[in-house]
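Open the model in a viewer and follow the stops below in order. Each stop names a selection and then says what is there.

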Amino acid sequence: MTRWSRLALVCLAAQLAAWAVIASADWPPSGYPLDDAWIHELAARNLVEHGVLGVNPHVYGSGATSPIWALTLSLGALLRITPPWFSNGLNLLLLLLTGQLVLRLLVNDGLPASKALPLAVAFGCAPNYVWFALSGMEATFVSFLSVAAVAAWFSPNSRTRLLAGVAAAALCLARPEGALIVPLLLILRRPGSRAEWLSCLLVPASAVSLNAVLNLWLTGQLLPSTFAGRRWLWLTPLEGIGLVGRGELLVLDWLTRLGEFTLGTRTAWLIWISVGVAALGLRTISGPGMRALMAWTVVWFGVYAAVLPTFGHGGRYQPLVPSLFLLLCCAGAIRLADSWRALVTGDRRFVNGALTVLAVLLTAIGPGMALLVWRDGHSSAVRHVNDTEAAMGVQLRALPPDVRIASFDIGGIGYFSGRPIIEIGGLTDPRVVPYLREGRIADYLKSERVNYLVLPLGYTNTRPDPWNFYFRLGLDQAPDLGLEPVKRDTSELMLWRRGLRTTLHSSPVQALYRVNAEPQAP
Amino acid sequence: MIPRNLWLRAGLVVGLGLAAAGLFRLGDARLILPLRARLEHELDSARRAGHPVSLLVMGADEVTLRSSATALAQSSGQTVLGLSRQAVVIVLDGLDRRLADEAALTREAHRQVDPFFVTDDLHGAAAVLVRLYTSRLIASGILPALPPLTPLLYPDIERHPMTPAESALPGIGIALLIYVAGRTLEERTPTNN
C-alpha cells in the first residue's frame, strides 16, 4: 500500500466514523430533519410520475431551490428507492469524495503528509458539515462541486484541469450564485491553453444560459421561483437593519453557531480564542488551491451577506464555512504546537511527536462533543418533521378528493398527502409574495377557493411568537375567512427545541383548519 | 515577549486596547447595534402613527430604572419602555393610556419578559417588550400586522451564555492577541518562518 493510499484510507475512516456517530441516532433512517428535503423528493417524484420537475406537477422548477439536486434525486425515485436512502447514500459518497479532494488539494499545495492529513480530516469531519450529508439537502453536493472545481483548476495534471469547467457548470446549476466561481478561478489563475479557456468559460456559460432560457421559457423568470419567498421568510424579521448591520449579524450568528455546533463550546471567550488560532492557521494555507477555496468561500459568504443574510436551515446556505473554520483552527493549533516544540524541546523526537498528538487531540475534543450534539439534534429533528409535517400529510389523504387544500409548509405535507396542495409560502408561485408582504394572504386563499388550510403554529397564541404563522400571515385580522380548527400535530417542547437549535427546522405545530369563507373572484 | 515585527507590535497595542476597553464595558446593559436598529424600526412605525415612544436600556436596579424612565417620560412627553438586566418599567403617555392600563401592561410585561431575565437574555427581553407595546397598537388597528422581531427563539431553557455578539469588542481584541502571540512565538523559532 502506498503512502498516499494510507493517508486516503485514514481520512476516509475518520469521516465514516463521524458520519456514523450522527447517522446511528436515527438508524435505519426514518426521514429527513428538514421539511425542505421533502420538497426536493416531491419534485423528484413528480418528474418520474408526471414528467415535470417541480413541487407542483404542472409548474416546472416550482419549489426546488436546486433543480439539479431534485433531478439527481429523481434517479432514486425512478429506481423506487424509499427516501431518504438514496439521498443519504449519495450524500455520504459526496462527503467522502470531498474529504479526498481536500486531502489532494493540500498535498498539491505542498503541505507535508503529516500536516495535510489532520487538516483534511478536520475539514471532512466538521460536525455541521457531516450533518449536511444527512439533511437530504444539496449542501454536500454544492460543497463537493466547489472543491472539485478548485482542485481540478489547480491540479498539476493538464487533463484534470479541463474538468474544472464541468464541476463549475454543475455548481452553477445547483445554486445560482455558483456562477461566481468562474470569474474567481480565472482571476486566480490565468488559463494556460485555449482548451482551458474553453473549459472554464464556455462550459459553465452554456449550462447557465441553457438553464436561464429553460427557466424563462417555462416559468417566465430567470431566478428560481423559491427566491422571492425565501427573501420574505428570512428578511422580514430584519427590517430596519442596514446592509452592514445585516452582514454583521450574519458573521456574529455564524460565530455563535461555529462555537456550539463545530467547536463544541458555548463559551464566547473560547470562540474568540479559536478565531485567533484560525487566523494563525491562515498562514499554513498558503498554497494556490486552498487559497482559492478560501477565496471562494468568502465570495459566497459575501453574496449571501448582501442578498440573503442568513445561514439558512442548519447553516446550509454557506456549507463550506464550518469545514474551513475547523481546518483553519487545526492548522493554527499545529503551528502553535510546532512553535512550542521548537522553543521548548528542541530536537527530542518523542516529545515532538507527543506535542503534535496533543495539539490534534485538543482540537478534536470539542468537535467530538459537537458531533454528539448533532446526533441528538438530528434524531430530534427527524422525529419532529415526521410527527408534524409528514403526519399531517398522511392525514390529508383522508379528505374528500375534490376539496382544495392550501399549506405554508409544502415538503412533507405535499409528499405524504400525494395530492395537489396550494403552496402559500411563495416557493412555487412568486405571485403569492406580494400577498405575503402586505399581510393579505386571506384574499389569496379566498380567490383560490381554498377549503382547508394547514398552518405552522407556535405553542401559544400570544405575540410575538415568530413561529406562529397565523399571526405572521395576518390571519388574525381576517375573521371573515372563518377558520375552524380541525386537527393539530404537535411536537413535545424539548424534542422540538433540540432539533431547532441545531437545524432551525420548522414551527412546533402543524394545524389543519376548515375555511368557511365565501370564495371571491380572483 | 514583545514582537520584533512592526505590524505585530501594532497588533499587540490594538489587541490590548480592544480587550481592555471591551472588558471595561462588559457589564453594561447594551443592545448590539443591528438589533437596536431593528427595535427602533419597529418603534418608528408607532411614532409615525402618532404614538411617540422611547426604549430606555440601562444597567441599573428597578428603582433607578423607574426614576430614569419617569423623568424621561415627563421631560419628553412620550411613552418610555425601560429595561435593565433584571427590571422592566413601562411609563405610558396620555395617548397610550387611552389604549392600555399602565399597571396591567407592566404586569403583562413582567409575565413575558421575566423568563428572559432568568436566562440573562437582554436582547430577547427587549424584543418581547417592544412587541408587547406595538401589539396593542396592532390590536387597536393603529398599526398593520408587523413581521416578527429578531431574535427568533423562545426564551432559553438554560442560562443564556454570553454570545460572541455580546463580547465582540474584547473578543476581537483577544483573537488579535492570540494571533500576535502565535506569530511572535514563530519569530523566535526560525523553522516556522
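Begin in chain B with strands E1 and E2, the latter being residues 79-83: E1(B) and E2(B) run parallel and are paired over 5 bridges. The model is a predicted one, so keep that in mind at every stop. To find one rung of this pairing, select Val57(B), whose bridge partner in E2(B) is Leu83(B).

Next, add the helices that lie against these strands. Select residues 33-48 of chain B, which are helix H2; this helix lies across E1 and E2 of chain B and runs at about 155° to E1(B). Then select residues 102-118 of chain B, helix H5, which packs on the sheet and touches E2 and E3 of chain B. The direction of H5(B) makes about 155° with that of E3(B).

Now show the sheet as a whole. In chain B, 3 strands form an open sheet with mixed pairing, in the order E1-E2-E3. Which strands are at the edges? Select 53-57 and 88-91 of chain B: these are E1 and E3, the edge strands, and each pairs on one side only. From one strand to the next, the twist averages 10°.

Move to chain A and its sheet. This one is open too, with 5 strands in the order E2-E1-E3-E5-E4 and mixed pairing. Select 422-423 and 483-490 of chain A, strands E2 and E4; they stand at the edges with a single partner strand each, so one side of each has no neighbour in the sheet. Beside E2(A), select residues 405-407, which are strand E1 of chain A; E1(A) and E2(A) pair in the parallel sense over 2 bridges. Within that pairing, Ser407(A) stands opposite Glu423(A) of E2(A).

Stay in chain A for three backbone details.

- Select Trp27(A) and Pro28(A): a cis peptide bond joins them, with omega about -5°. Pro28(A) is in the loop between helix H1 (3-23) and helix H2 (35-50) of chain A.
- Select Pro83(A) and Pro84(A): here too the peptide bond is cis, and omega is about 5°. Pro84(A) has its place in the loop between helix H3 (67-78) and helix H4 (85-108) of chain A.
- Select Arg449(A): its phi is positive, about 50°, although the residue is not a glycine. Arg449(A) lies in the loop between helix H20 (441-447) and strand E3 (452-457) of chain A.

Finish at the interface, with both chains displayed. The contact takes 48 residues from chain A and 48 residues from chain B. Between them the two chains bury about 4,200 Å², and 69% of that is on carbon and sulfur atoms.

How many salt bridges are counted between chain A and chain B? The count is 2. For one of the salt bridges, select Arg283(A) and Glu186(B), whose closest N and O atoms are 3.9 Å apart. Across the interface, 4 residue pairs are found in polar contact, with both residues at pLDDT 80 or more.

To see what chain A brings to this contact, select helices H13 (243-263), H14 (268-281), H16 (320-345) and H22 (493-503) of chain A, the elements that give two or more residues to the side touching chain B. H14(A) supplies the largest share of that side, 10 residues. Colour the side of chain A that touches chain B by class, and there are 27 nonpolar, 10 polar and 11 charged residues.

Note on methods: Residues numbered from 1 in each chain as written. Chains lettered and ligands numbered in written order. Predicted model: local features only at pLDDT ≥ 70, side-chain atom pairs only at ≥ 80, totals over all residues. Heavy atoms only, no water. Contact = heavy atoms within 4.5 Å. Buried area = accessible area lost by both parts, 1.4 Å probe. Salt bridge = Lys/Arg side-chain N within 4 Å of Asp/Glu carboxyl O. Polar contact = N/O pair within 3.5 Å; in protein donor to acceptor, adjacent residues only side chain to side chain. Helix = DSSP H or I, 4+ residues; strand = E, 2+ residues; numbered from the N terminus. Nonpolar A, V, L, I, M, F, W, Y, C, P; charged D, E, K, R; others polar. Pairing = 2+ DSSP bridges. Axes fitted to C-alpha atoms, helices over the stretch in contact; angles between N-to-C directions.
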